[in-house]
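Notebook open, coffee poured. I'm going through this one piece by piece and jotting down what I look up.

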Amino acid sequence: MNENAEKQPLIAAPSYASGQLTKAFTTALTHQDAGTRTRAQQRMRRWRDVLDGMADGRLRIGSRTPVAGFPAWVTPEVVHGGFATGSAAAGGPLLPYETEAAREAGVPADRRALFDHFLTESGLVTLWDLLDSGRYSVAVPEEAALLTVAWLVRAGEVPRALELVGALDPFAGRLRFLPRPSDVPGPDTLAVHRRTVADVGQALARRGTNTAVETQREALTVWLPFTDELLAHWLETTGPGEIPADGDWLERGAELLRRYRLLAQEHTLCGKHRRPKENLAVLRDALEEAVAGRPLEARRLGLLRHAVTSMVRKRGTPGSERHTALRHRQAGQAALPSHHALAQVVLSRLSGLPQHVGAADVAPLVTPVTQQEHRETGLPAGAEIPAAIRQVVEAALSAPIGTLVERGVVPSAEVLAELVPQLVAATTAQAYEDESLRTLMAAVYRAFRNRRSLLLLDLERQVRIEELPWVQAVADRRESGPATEEPALTALRRLGELAVQAFPGTLLPNPLVRELGVLARQADLGAALVEELAADIFMGTFGPKFLRAARDAAELLRGTLYERYYGIDYAAVRNMAVVEAGEALTRSYGARTSPGFARLCTELAGPGGYGSVAANGKIIEQAQILTTHNLATLVLRAGILPEPGWADLACRCFRTVCVLTARVHGNPRPLGTIKDAAYAWRQMLFHLSLCTADEQQRVLGQLDDEAARHPWHVAARLAPALAGLRLVVAGGSFDGDGTADGGRARRLLGWSTDGHWLRPDPSPGARLNPGHL
């Protein structure tokens with residue numbers, strides 16, 4: 001096997017797909033939840049398609065056109081890891097709205113017939129009505145294709161419309177090119193939402209009754225009162241085991257036993273009453289013996305006396321003030337409505353709202369139960385909607401993205417990345433002068449961002465929206481210049497500041513980087529924004545934009561704490577960027593790689609080379625260090641200036657470092673957590689490097705206090721890293737192996753090929769203050 005073959009990423013091999021198929025099979029076979037089993041069966045079908053396609057050559061995993069016969073613009077069905085299944089996302093059986101459209105048009109229920117119909121005069125009129133009303137939705141980009149044809153025809157661009165039809169025609173019988181009708185126009189471009197009203201409704205509908213809560217409710221309302229009756233019955237005797245001479249006590253005892261059997265048949269959640277050593281079982285068994293006329297044996301008599309004595313001592317006799325007060329409190333607890341019942345109330349409120357968008361105001365949806373709802377459901381008026389349900393409903397709030405972050409609806413940078421396309425769609429669509437075309441292109445963009453990324457090798461690039469034939473067909477209708485660049489720059493700056501300010505210790509997720517890159521291109525900044533690379537598919541090379549991003553970092557950070565801490569020669573990086581840029585201008589083809597940048601990252605990564613996942617991770621981490629993973633570009637090119645300032649962000653980054661480091665202790669698989677802690681540490685160093693010298697000293701003085709607020713082992717574990725930071729701030733430097741002071745000071749990095757120094761759990765004797773080092 002040749003060298004390149006040996007370094008072929010394992011994730012692209014059939015063994016990976018086989019492993020995923022096995023996982024799905026196990027879940028489908030063993031999971032307790034029926035819905036989860038059904039979803040696992042669907043995953044099994046997709047992974048079988050992947051394996052079959054790889055075996056017969058229909059799929060080329062790693063290519064941007066992985067499905068034979070499909071051009072790059074066709075949206076593929078993609079499963080975990082970026083594997084295409086061979087199916088198109090816009091393919092499959094006709095959806096109900098297509099069947100209805102065929103019925104209304106009086107044509108056969110197949111896609112070719114629908115395609116041909118909507119190119120007729122009556123079909124175009126229908127599409128024009130949709131364009132004007134905006135009452136349509138686009139789930140996959142292909143569903144906007146016929147609307148674009150209709151817009152071109154109405155705009156007098158018939159030749160271009162015919163050209164687009166020619167590109168679509170070979171797939172007209174297989175793919176959906178028709179939009180979905182909607183009851184309401186598209187979403188407000190100034191507001192975003194994490195979940196639609198329909199999504200929230202489905203989440204609430206799935207909330208079943210809580211078995212543990214209902215078991216407790218049964219115990220409080222059924223078995224405790226019955227136990228009290230049994231106890232009161234035995235207390236009528238002159239002493240436990242002393243059976244009254246008259247038959248009335250025995251008859252009432254027999255009735256109690258009959259009631260017990262009926263209750264046991266009807267109420268099956270709580271099984272405590274069946275346990276022989278429980279008080280209820282002891283009282284009941286003794287009563288069974290007495291009613292049957294059998295004398296109580298010594299052991300049973302002793303259990304009975306102990307049960308009666310302990311119950312009276314603990315709660316008082318039934319009917320006493322102490323006993324009554326306790327049972328009153330327990331009855332009040334049992335009377336509280338269940339979360340399931342309250343979720344049904346909220347579900348009813350949601351049913352009156354438009355379903356495929358967010359809710360402009362969620363407060364009315366989570367108010368206490370009204371009098372009218374009390375009459376309809378029997379739930380107590382004024383009952384509060386619990387926090388767990390309010391949190392689900394809050395996800396449907398439609399508001400400016402900053403508001404959602406403030407209210408905690410957006411808890412992470414990953415969730416932020418999910419929402420940003422809604423804003424970027426509106427911003428990029430502003431370049432189209434025609435309102436109907438602007439609405440259409442915004443819908444296309446939102447749908448395109450739902451397209452799952454493919455697993456790509458050899459620096460292949462993901463398909464861009466500009467490659468869609470229907471987007472190309474109206475490209476000349478986009479305006480350019482300050483009128484479109486300023487809104488894009490404003491949006492870029494605002495989103496960059498929001499991401500860095502809200503989640504300062506988190507790497508910008510790739511989906512968010514892509515959206516910021518779109519805005520940067522539209523703003524004509526010439527900014528290079530780089531994605532995080534996967535170590536398991538890294539091929540040892542970097543695209544030229546990585547060096548351009550490193551040049552931005554060099555311009556911003558040369559001579560700073562950041563450069564000194566990581567041992568970077570940013571002057572050399574800047575010179576390398578200038579040289580490679582000049583060489584690219586003399587070639588007739590664009591450079592797809594930056595060999596100089598790759599060599600530099602490999603040298604800085606140290607021993608280990610390239611090939612294993614850990615070795616690849618070390619090289620990629622050096623690329624992130626050199627480029628600051630877009631932070632420098634956002635500051636230098638977009639001009640972000642997050643509130644309340646760089647010093648505050650540095651402190652919050654260190655808090656994230658501490659939280660992550662706490663998770664390392666006792667963790668058998670801590671390497672992922674160590675990596676994230678090192679990334680947060682790097683973000684801290686970036687923010688700290690933009691502080692004044694006084695601010696840096698103030699932040700350093702706060703780090704020990706912050707570490708002390710976490711478990712003791714956090715400060716002990718981070719002591720070498722903090723010692724290394726103080727060393728560099730004071731003007732010192734690390735040795736070639738990233739240590740100093742005999743190993744007591746260390747540079748904190750995330751990846752290692754020979755065991756990470758942060759991993760071993762410190763002994764309790766290491767409870768020290770890192771500031772004393």
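**Asp552.** I started with Asp552, which comes out buried at a relative accessible area of 1%. This is a predicted model, so I only take local features where pLDDT is at least 70. Asp552 sits in helix H24, residues 544-557. What does Asp552 contact, leaving aside neighbours within four places in sequence? I get Ala632, Thr633, Leu636 and Arg637.

**Ala598.** Next I went to helix H27 (residues 595-605), where Ala598 lies. Ala598 has 9% relative accessibility, and the cut-off for buried is under 20%, so I log Ala598 as buried. Skipping neighbours up to four places off in sequence, I find Ala598 in contact with Gly540, Thr541 and Phe542. I also checked the C-alpha distance from Ala598 to Thr541: 5.7 Å, with the two positions 57 residues apart along the chain.

**Helix H10.** How far does H10 reach from its first C-alpha to its last? For residues 211-235, 25 residues in all, I noted 34 Å, close to the 36 Å expected at 1.5 Å a residue. There is a bend in H10 too, about 35° at Ala219.

**Helix H30.** Same check on H30 (residues 646-662): the 17 residues should span 24 Å, and the end C-alpha atoms are 25 Å apart, which agrees. I then listed the buried residues of H30, among them Trp646, Leu649, Cys651, Cys653, Phe654, Val657 and Cys658. What do the buried residues of H30 pack against? I wrote down helix H22 (482-502), helix H29 (631-638), helix H31 (671-689), helix H32 (693-708) and helix H33 (712-729).

**Cysteines.** With those cysteines in H30, I looked for disulfides and found zero in the structure. Cys653 is in none, and its nearest cysteine sulfur, that of Cys651, is 9.3 Å away. Why is Cys658 unbonded to Cys651? The sulfur of Cys651 is the closest cysteine sulfur to that of Cys658, but at 11 Å the two are too far apart for a bond, the cut-off being 2.5 Å. Buried or exposed, then, for Cys653? Cys653 is buried, at a relative accessible area of 0%, and Cys658 is likewise buried at 0%.

**Aromatic rings.** I counted ring pairs next and got 19 aromatic pairs. One of them is Tyr565 with Tyr566, an edge-to-face pair at 4.9 Å centre to centre with 80° between the planes. Tyr565 is buried at 0% relative accessibility, and Tyr566 is buried at 6%. Following the ring pairs outward, I ended up with a cluster of Tyr562, Tyr565, Tyr566, Phe654, Trp681 and Phe734.

**Nonpolar cores.** Phe654 and Trp681 turned up again here: along with Trp470 and Leu725, they have the most contacts inside the largest nonpolar core, which has 205 residues. Which helix gives the most to this core? I have H19 (residues 413-429) down for that, with 10 residues. Apart from this core lies another, of 25 residues, including Leu256, Leu263, Cys270 and Ala286.

I finished on Trp470. Not counting residues up to four places away in sequence, Trp470 touches Trp73, Pro141, Glu142, Ala144, Ala145, Thr148, Leu164, Leu168 and Val444.

How values were computed: Residues are numbered from 1 along each chain as its sequence is written. This is a predicted model: local features need pLDDT of at least 70, side-chain atom pairs count only at pLDDT 80 or more; totals for chains, interfaces and linings use all residues. Side-chain values use heavy atoms; hydrogens and water are left out. Buried means under 20% relative accessible area, exposed over 50%, partly exposed in between (1.4 Å probe, protein chains only). Rings of Phe, Tyr and Trp (its six-membered ring) pair if their centres lie within 6.5 Å; planes under 30 degrees apart count as stacked, over 60 as edge-to-face and the rest as tilted. Helices (H or I, at least four residues) and strands (E, at least two) are DSSP runs, numbered from the N terminus. The expected span of a helix is 1.5 Å times one less than its number of residues. The bend at a residue is the angle between axes fitted to the seven residues ending there and the seven starting there. Contact means heavy atoms within 4.5 Å. A nonpolar core is a set of buried Ala, Val, Leu, Ile, Met, Phe, Trp, Tyr and Cys residues joined through side-chain atoms within 4.5 Å.
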